[in-house]
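Please open the model in a viewer and keep the selection panel at hand. The tour proceeds by selections, each followed by a description of what is found there.

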Amino acid sequence: MNYDILINLIIIINIVLTFSANIPLASFSFKKKLQPVLTKANSYLQNAPKFISAVIFLMIIAGLFGIGKIEINNQSLNIIRILSALLYSLFSWVQIYSAKQLGEFYSPDIVVYKNHQVVDKGLYRIVRHPFYTSQIMQDLFAGIALSNWIILLLTILFEIPLYIARTNLEEKLLIKNLLDYENYQKRVGKWLPKLR
């Protein structure tokens, strides 16, 4: 059995399906730019994490053609690669779902709208940043699935630290502008669920 073909097929099908699912979200995001903004962060963290995620996505595409691949001929590691491809797909959909759960408060930018409220339903009851968490997880699992050292290196060295910094900045803005955000922080874990 050729594991590379199976893994590439899983990833390609997922990219096509999630791309089509993201089209309504992108048009919704464009309409949101017209909504009155209370405050917007002025930082390199507005674009740097999105840029590195885009570079990683391009590396995933390149990885489908073997660029950056570490050759693995171990049967049990190939099973881990297939599971990672499936987890990559799962976290892609978790990210789309978490963006949709934000509803009118979704934005690719770090902003607080004039009518902004804390969203604490669905995935946001479990963790405060499911969108960013799923972005990191899907990139890590893509790197493992494709046995791609470039994707893993970019994710670990750049993407994770940038998203940690971005969430810290975002939370400072939310605490400053939303009265009940501090209570939300006490109840819900940032990256992982809080043990009660």
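In which helix is Glu182 found? Select Glu182 in this predicted model: the residue belongs to helix H6. Glu182 has a relative accessible area of 43%, and this value lies between the 20% and 50% cut-offs, so the residue is classed as partly exposed. Add Glu171 to the selection; this residue is 11 residues away from Glu182 along the chain, and the two C-alpha atoms are separated by 9.1 Å.

Next, display the largest pocket, which holds about 1,200 Å³ of space. Its lining comprises 47 residues, and those closest to the pocket centre are Gln95, Tyr106, Pro108, Phe131 and Gln135. Colour the lining by class: 29 residues are nonpolar, 12 are polar and six are charged. Then colour it by element. At least two lining residues come from each of H1 (3-32), H2 (48-63), H3 (75-102), strand S2 (111-113), H4 (130-145), H5 (149-177) and H6 (181-187). Helix H1 makes the largest contribution to the lining, with eight residues.

Now select helix H4, residues 130-145. Is this helix mostly covered or mostly uncovered? Of the 16 residues in H4, 13 are buried, and the helix is thus mostly covered. Place a distance between the end C-alpha atoms of H4: they lie 21 Å apart, which agrees with the 22 Å that 16 residues should span at 1.5 Å a residue. Finally, move past the end of H4 to Ser147, which follows the helix and has a positive phi, near 50°.

Methods: Residues numbered from 1 in each chain as written. Predicted model: local features only at pLDDT ≥ 70, side-chain atom pairs only at ≥ 80, totals over all residues. Heavy atoms only, no water. 1 Å grid on protein atoms, 1.4 Å probe; cavity = no way out; pocket = protein on both sides within 12 Å on 5 of 7 lines; lining within 4 Å. Points joined across faces, edges and corners; volume = space filled by probe spheres on them. Helix = DSSP H or I, 4+ residues; strand = E, 2+ residues; numbered from the N terminus. Nonpolar A, V, L, I, M, F, W, Y, C, P; charged D, E, K, R; others polar. Expected span 1.5 Å × (residues − 1). Buried < 20%, exposed > 50% of the residue type's maximum accessible area, 1.4 Å probe, protein only.
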